[in-house]
Amino acid sequence: MQLTHRPRRLRRNPSIRSLVREATLSVDDFIYPMFVMEGENNRVEIPSMPEAYRFTLDLLVQEVTEIYALGIKAIALFPAVPEEKKDLTGSESFNPEGLAQQAVRAVKAAVPDMIIFTDVALDPFTTHGHDGIIDDNGVILNDETVEVLVKMAVSQAAAGTDFVSPSDMMDGRIGAIRQGLDANGFENVGILAYSAKYASAYYGPFRDALGSAPKSGDKKTYQMDPANSREAIKEVYLDIAEGADIVMVKPALAYLDIIAKIKDATNVPIAAYNVSGEYAMVKAAAQLGWIDEKKVMFETLLSMKRAGADIILSYHAKAVAQLLASGYRC
Ligand SMILES: NCc1[nH]cc(CCC(=O)O)c1CC(=O)O
Ligand SMILES: [Mg+2]
């Protein structure tokens, strides 16, 4: 054949392929989500998330030390709150001695350079499991909730967090939190906004991990409809205008088109949350021997980078760091 273009020339061997590779994965890309619980010297594996654990503070600090040595430089902290500390308005969320606040102080004392992202949302703290304050008719009250979120964010900043990460999807919370942080002298604490967070069934294993599933109803009046994409751009623009430093798309895998659109439409770093259900699917299929876990894991994470994510929150982050450190080529 007289072919002018033979694209296979650029695939001839690993060296050429690496020269023309467009997207790459490195340990620098990751934020490792970690669950923390009360108690001492204990860790509990989450049944629907093999190799992900809830740690007591002492073991959390050990684990953070270990992953920092592997090159992971950022974590996202999620507290598992005992039922007796939950109430209707989530007031434990801004307790200066709360579990998340204690965890921030403990991690910063042991590994000062580990960047900490703390979750801002009420669901782990409310008896009903919703991300906001609820009225007698089951309506989630936006502005009343934002007041609590501001207190929560300020208390996390006072504990020493680097970034607060509002994951609740109330309107106007980014601006209110920015003002609250600044008014309290925390102008260097950043905001990672869960801007395009969808009402997704992929959060199931996470809710098992924290015991935070809503007791009634669903989250569709605040989280986004999975059918929508233009609305994601609107949400992202609002959050950037209100002061978000980093915006997030969540979940990631079923929403790669959203990541790509936001990449084109903005100039801020974009995070993708490779959520619990995405992790559980890979783990389950691998346990059954139906897929090659390492290859599927790297291919999945690479797809998020290719789509435009600058940062990936993933429960796979430790395994990725271990494999890359051992010379594994993805
Ligand atoms: N505000 C709660 C929150 N923060 C992160 C996740 C999910 C993360 C995951 O599934 O890995 C959720 C669950 C939810 O909105 O119900
Ligand atoms: Mg919004």
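Where does UniProt place the feature "active site"? I looked this up before anything else. The unreviewed entry puts the feature at Lys197 and Lys250. I note that the model I am reading is a predicted one.

**Entry: the two lysines**

I checked how far apart the pair sits. Lys197 and Lys250 are spread over 54 residues of sequence, yet they cluster in space. The largest C-alpha distance is 4.8 Å.

I took Lys197 next. Lys197 belongs to strand β9, residues 190-197. Is Lys197 buried or exposed? I found 27 C-beta neighbours inside 10 Å, so Lys197 counts as buried. Setting aside residues up to four places away in sequence, I listed its contacts as Ser167, Met169, Gln223, Met224 and Lys250.

Then I turned to Lys250. Strand β10, residues 246-250, holds Lys250. Lys250 is buried because 24 other C-beta atoms lie within 10 Å; the cut-off is 20 or more. Beyond its neighbours within four places in sequence, Lys250 is in contact with Tyr194, Lys197, Tyr198, Tyr273 and Val275. Lys197 therefore turns up in the contact list of Lys250, under the 7 Å C-beta criterion.

**Entry: the binding-site position**

I searched the same record for a binding site. UniProt, in an unreviewed entry, gives the feature "binding site" at Glu235. I located Glu235 in helix α7, which covers residues 230-242. Glu235 has 21 other C-beta atoms within 10 Å, so this residue is buried. Which residues does Glu235 touch, not counting those up to four places away in sequence? I found Ser195 and Ala196.

**Entry: ligand 1**

I listed the shell around ligand 1. The acidic names I wrote down include Asp119, Asp123, Asp131 and Asp168. Arg207 is there too. Ser167 and Ser276 are also in the shell. Ala121, Tyr203, Phe206 and Val275 complete my list. By class, I count four nonpolar, two polar and five charged residues.

I cross-checked this shell against the lysine contacts. Ser167 surrounds ligand 1 along with others, and Ser167 is also touched by Lys197. Val275 is in the shell and in contact with Lys250.

**Entry: the nonpolar core**

How many residues does the largest nonpolar core have? I read 98. Those with the most contacts inside this core are Ile75, Leu77, Ala153, Val249, Ile259, Ala271 and Ala272. Helix α4, residues 142-159, supplies the largest share of the core, with nine residues. In soluble globular proteins, nonpolar side chains tend to be buried together.

I followed one of these core residues further. Ile75 touches Ile31, Tyr32, Met34, Val64, Met114, Ile116 and Phe117, with residues up to four places away in sequence left out.

**Entry: Ile312**

I looked at Ile312 in strand β12, residues 311-314. Ile312 is buried because 23 other C-beta atoms lie within 10 Å. I then checked its separation from Tyr32. The two are 280 residues apart along the chain, and their C-alpha atoms are separated by 8.5 Å. Ile312 touches Asp29, Phe30, Ala272, Asn274, Leu301 and Met304, again not counting residues up to four places away. Ala272 is also among the core residues with the most contacts.

**Entry: a hairpin**

I ended with strands β2 (residues 43-46) and β3 (residues 49-56). They pair in the antiparallel sense over four bridges. Two residues form the hairpin that joins β2 to β3. What stands opposite Val44 in β3? I found Arg54 there.

How values were computed:
Residues numbered from 1 in each chain as written. Chains lettered and ligands numbered in written order. Predicted model: local features only at pLDDT ≥ 70, side-chain atom pairs only at ≥ 80, totals over all residues. Core = buried A, V, L, I, M, F, W, Y, C linked by C-beta atoms within 7 Å. Buried ≥ 20, exposed ≤ 12 C-beta atoms within 10 Å, placed from the backbone. Contact = placed C-beta atoms within 7 Å. UniProt positions renumbered as here; feature names shortened; annotations may be inferred. Pairing = 2+ DSSP bridges. Near = placed C-beta within 6 Å. Nonpolar A, V, L, I, M, F, W, Y, C, P; charged D, E, K, R; others polar.
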